[in-house]
Amino acid sequence: MTESTAPRLTRRRFLKTTALLGGSAFFLSRLGWPSELFARTRLAEYELTKPENILYTVCQQCNTQCGLKVKLYDGLAAKLEGNPYSPWNLQPNISYRTSPLDVATLSGTLCPKGQAGIQTVYDPYRIVKVLKRAGKRGENKWVTIPFDQAIDEIVNGGDLFGEGHVPGLKEIWALRDPKLAKEMADDVKAIWAKKTPEEKKAAVEAFKTKYAEHLDKLIDPDHPDLGPKNNQLVFMWGRLKGGRSELIKRFTVESFGSVNAHGHTTVCQGSLYFASKAMSEQYQKGSWTGGKKFYWQADQNNSEFIIFVGASPFEGNYGPTNRAPGLTRGLVSGRLKFAVVDPRFSKTASKAWKWVPIKPGTEAALALAMIRWIIENKRYNAKYLSNANKAAAIADKEPTWTNACWLVKIVDGRPEKFLRAKELGLTDEDRFVVLKDGKPIAFDPYDTANAVEGDLFVDTTIQGVRVKSGLQILRESASSKTLEEWSAICDVPVRDIIELAREFTSHGKKAAVDIHRGVSQHTNGFYNVFAWFALNLLIGNYDWKGGMSQASTFDHTGGKEGQPFNFAKLNPGKTTAFGISIIRHGIKYEQTTLFEKYPAKRPWYPLSSDIYQEIIPSAGDGYPYPIKALFLYMGSPVYALPAGHTNIEILADPKKIPLIVASDITIGETSMYADYIFPDLSYLERWEFAGSHPSITQKVQPIRQPVIAPLTETVKVFGQEMALSLEALLLGIAEKLGLPGFGQGGFGEGQDFTHPDQFYLRMVANVAAGERAGNEVPDADDAELELFLRSRRHLPKTVFDPERWRQIVGEKWWRKVVYVLNRGGRFDNWEQGYDGDYIKNKFGTLINLYQEKTALMINSMTGKPLAGYPIYLPLADSVGRPIEDDKQGFDLQLITHREIVATKSRTIGNYWLLAVMPENAIVMHPRDAERLGLSEGDRVKIISASNPEGVWDLANGTKVPMIGTVHLTEGIRPGVISFALGYGHWAYGATDLVIDGETIKGDERRRATGLGGVAGIHANAAMRVDPYLKNTCLVDVYGGSAVFYDTRVKVVKV
Amino acid sequence: MEAENALVRMHQDLQRALKKPAERRSWAMAIDVRKCIGCYGCTVACIAENVLPPGVMYRTVLDIELGKYPNVVRILKPMNCQQCDNAPCVPAANAVAPGSLEKRPDGVVAVNYERATKEAFEAARAACPYKRAVYFDDGRFYTDGTPARQAYETRPSFEYGQEWTRTAGKPPVNSLRKCHFCVHRVENGELPACVTTCVGEATYFGDLSDPESLIAQLLKQNRDKVMRVYESKGTQPRVYYLTDTPVLCKSQHP
């Protein structure tokens, strides 16, 4: 290899290191491209559209998970397009029965990020070998080490960095006996069930006595509900979908026995999911249970009127590719008009009938004002709201019903539990009560025989019990202020409020409120969401064409009739993980032995999970307990979280988290603090079951499968060759540890789990089987089978071995697996998403207008009970105090937005996208600029009360000033500034790093302007740190959302 | 659901058109500005399809803001070579570099990479009123300045049905480059990259001389909304725009 001193533009410097894609064997082999060849005679046929050069998979440039048609040129992914079988990319999608041989020249749509995915996969800064840090955490000095050595060090621990003993996984895996674990878990539940502190204390003592020989396996014997030491392994992830999620949970929870497997949901839309979950709780056997972590969106292909609140489907959301057609067709045909409530004049707003530039954070005020007007003017659907139970809904041909007319007890002046019929002596059974023409009637919400309807507005006393109906409670909340007062809070003119409410109630069921992060990522996010979705309940549009729909997927884990592989039964060594999680989710503070006083040291989240902003800061505080090892998969909390800089100090300190292992395709803003980085396969090289989104009405399961050869090294685990990947990392550790559920007999007697294919191909077979007997896909015919094999001729045996695949799924399922994989997944036909006037895949049951479960929760930070109905809450810190930075001269409210050409942390290397938009800007109204003496193009720094220096302190000697370029626009609310997420990097190839002693220069096109690059600003570090928590952003303590939009900042000219 | 899928329909139209002799086809493009969401999918799809280097973007999208808060308007309008029937670029370029540009019978203004030198590019650019139509390939690569040049941009493109691999000193490096309606795809039965990828379903393509084609019918049924840019200059462009607001739509690229 020669060193070249050619000028920068044409430099082709050969790297000594082979750790990066840019210096790897892959690159070197490609030097043989026919560069001397030009202007050959006309080709008979365009190579890229030959069926055998096409494979179907799923995009992951954002989380929309659109279908992909990948055109291959000599094994290179040359061109990405949309999958015509997928309703994301073609509407209506082509019939699933169509042969792939017939669709080679027909593709679906694809957004710019999707097209640019080639540059994510072939990123010169991609790592292809295992890296171990050679300096301090975050110094960005690395050495390549053999995979086996890395696994050995992680499992066995030792003085791995010359900084003292690092615990290995074998130490952390303290409790290994599944029987013992189950017993302990049950006894911990029993401790939690005790009502008084004395009873709890006694139970703890009893526990300690019973398990005297095993106390060393617990984190803290005096607090057995912290669980075993196993919980000190924490696995956190960013962008994770099905298949891999089951693998991570199998490894972490089922086999290793840690409760700590957590995703990132709260940095995305947290409270949107968890408010929806609370609305979806069902009453089973005396308790509220079964709430789904999901949400609803508008069926935009059929709606006549949509109000988008804090949502921009033309730029982000989920996503432009699948949502835009229904919207643009509707605009042009006259079927649809929509309003956009957003402080910024987004591209979506540019096509709106009405743009409502609301004051960010006051969204619930607008919703409650609309609710007030709708109720006063009787424009709600009385028939729908009067239905108390299933039978009444059925009689009205309604797929859903609510508790609008159910009676709620008023205790100490606040709505609390639902009245039970028992309390009135109406029956001994567990029944609720409505008032009908003055008479109380007992009912079962799920009764299909006796239709019960109730009066809508009830405020009375029955047998001395003060009660109100759910709708009455909502009315009172909405009427707690006049329209003028609500208007003053959200700064939306009364005239507009009324016009929105009138239009919303003028389209029957074909109107919808469609909300996203602009509503959920506030300190009051949970109640914002609840208020807006209550509007949908007022018109009863759930499950109706043009109304609200939910996602519907073909199951891949095998719990349904007719599916061949039930993963619930495929882990013979499964143990019971137990104890309080590091993020204190899914449990009430008061139940635990940690309960002392209010405020708790950190928030507890009984209604939520996957609280991304809690993982590292809780570890930093050692509350509820310190942790020993952190695994990070495809995530960058430092970059992604508001105030993500608070994570850096903790990550950089080996005393806080002794071992950090990252699975990543590059060295990013968070993985740069890891001890080991294991390269992963990109989304074109691997498996996943991508799931769906609420606005897609068809039942689907897009399947991500390898379409190009792995670009990472090959390693050997369980005697099998496989690509270096998340799978190799987990299987490698499992092998070294002897973890049950992996290796020989890992799935059961005679069923080995020694290669990733054995996991994923089983799942494909489950998808091929479908929902029930008779729902299987057809067998692929010989022509399709031949195509299947031929189109994978470039794939090595490590990722494609038809014999191995056939052996895994068995003869019965083989040709069905081929059929599914030939189409990139399983997709119902377009018309199967609908059923007359309804959406086919219905939510189909009770939706809570009033949430009893929520009303019985206590806020762990204030000791006050939660409201079970939509309310307006002003901005507050985690202990409920107002934040008044605006009074300290921080005169601008900072929000963020999505440009379609960038995703959170992973598109900065996509140079085609940077060609369209090389940098982001600080978007500002001219009025503010004038006031501040700023002009278009000025460079400014963003500072806040919690970051007066306006920098990212990387804890390695470098600080990244948050400097960006001012761009003036009339399209933003004065007083608000915004920047687009995805720019201003300082890792991910943006700055220099050292691998094996060689410096690899970073690319200024990726680098933050504050560091002398040209890629603009990433200002999350200006977002407000919670004054009580001190190491975390502002949070929605109810729903868990990480707060992006409630910070007041200043800009300073530089 | 308004109708069948336009891509499927146009794909069928295309197969029909390909049954005609090449000189009887009349390719045209239509862009419904009401539906463009300014996503730049077309811009990037085209770069990917034609392996375009830095500085060359056959297809761009105008994003212009007008008005005063809160009465703001945003124009989102794609632009590429208009394949004019009376293209001023053709005589201008051929005057300085004979044979560099050729108006084909099917409507496309084709570039001869071996002959369309820098001088031809400068002459064409000066003559073309549309701006953002003709570009010059100066030999750069996107992955220059990174640890290594990547194969996705050293692989051949297939423009005009031939293989072109960008190498210093060889065409298409140092040539004029521009949109060619993806004739290499079209003649293989595949719609142009920008048409296929268009997320807003705003871009249409087909054989204007076929009255059964979607594009012909679209333009006929929306006569009152159809306009062409710089109509008065007499270039006779083959790119039609559908809009409710022709005055706003006439705004040009800066």
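In this predicted model, a salt bridge pairs A:Arg804 with A:Asp757, and the closest N and O atoms of the two sit 2.8 Å apart. The pair links distant parts of the chain, with A:Arg804 in helix H25 (residues 802-809) of chain A and A:Asp757 in helix H23 (residues 756-769) of chain A, 47 residues apart. How buried or exposed are the two partners, A:Arg804 and A:Asp757? A:Arg804 has a relative accessible area of 14%, so it counts as buried. A:Asp757 comes out at 2% relative accessibility and therefore counts as buried too.

Another salt bridge within chain A brings together the side chains of A:Asp680 and A:Arg244, at 2.7 Å from N to O. Here the stretch of sequence between the partners is 436 residues: A:Asp680 lies in the loop between strand S26 (676-679) and strand S27 (688-689) of chain A, while A:Arg244 belongs to helix H7 (residues 244-255) of chain A, so the pair ties those parts together. Both A:Asp680 and A:Arg244 are buried.

What about A:Glu139? A salt bridge joins A:Glu139 to A:Lys141, with 3.0 Å between the closest N and O atoms. Buried means under 20% relative accessible area and exposed means over 50%, so A:Glu139, at 32%, counts as partly exposed. By that reckoning A:Lys141 is partly exposed as well, because its relative accessibility is 36%. As background, side chains of opposite charge can pair when their charged atoms come close. Over all chains, a search of the whole structure turns up 84 salt bridges.

Now for the place where the chains meet. In chain A, 92 residues are in contact with 72 residues of chain B. Between them, chain A and chain B bury an area of about 7200 Å², and carbon and sulfur atoms give 59% of that. Which three residues supply more than any other three of the area that chain A buries against chain B? They are A:Tyr46, A:Trp912 and A:Glu970, which supply 11% of it.

Polar links cross the interface too. With both residues at pLDDT 80 or more, 23 residue pairs are in polar contact between chain A and chain B. On the side of chain A that touches chain B, several elements each supply at least two residues, including strand S2 (67-73), strand S3 (76-81), helix H10 (320-333) and helix H28 (911-916) of chain A. The largest share comes from H10(A), with nine residues. Sorted by character, that side of chain A holds 48 nonpolar, 23 polar and 21 charged residues.

Four salt bridges are found across the interface of chain A and chain B. One pair in a salt bridge is B:Glu190 and A:Lys71, whose closest N and O atoms are 2.5 Å apart. These two residues also appear in a wider network: salt bridges with shared partners join A:Lys71, A:Lys79, A:Glu81, B:Glu49, B:Arg185 and B:Glu190.

Finally, a look at one residue of chain B. B:Arg9 sits in helix H1 (residues 6-17) of chain B. Its relative accessibility is 15%, so B:Arg9 counts as buried. Which residues is B:Arg9 in contact with, leaving aside its neighbours within four places in sequence? The contacts are B:Glu4, B:Glu212, B:Ser213, B:Leu214 and B:Gln217.

Methods:
Residues are numbered from 1 along each chain as its sequence is written. Chains are lettered from A and ligands numbered from 1 in the order in which they are written. This is a predicted model: local features need pLDDT of at least 70, side-chain atom pairs count only at pLDDT 80 or more; totals for chains, interfaces and linings use all residues. Side-chain values use heavy atoms; hydrogens and water are left out. Contact means heavy atoms within 4.5 Å. Buried area is the accessible area (1.4 Å probe) that two parts lose on being put together, summed over both. A polar contact is a pair of N or O atoms within 3.5 Å; within protein, one must be able to donate a hydrogen and the other to accept it, and residues adjacent in sequence count only if both atoms are side-chain atoms. Helices (H or I, at least four residues) and strands (E, at least two) are DSSP runs, numbered from the N terminus. Ala, Val, Leu, Ile, Met, Phe, Trp, Tyr, Cys and Pro count as nonpolar, Asp, Glu, Lys and Arg as charged, and the others, Gly among them, as polar. Buried means under 20% relative accessible area, exposed over 50%, partly exposed in between (1.4 Å probe, protein chains only).
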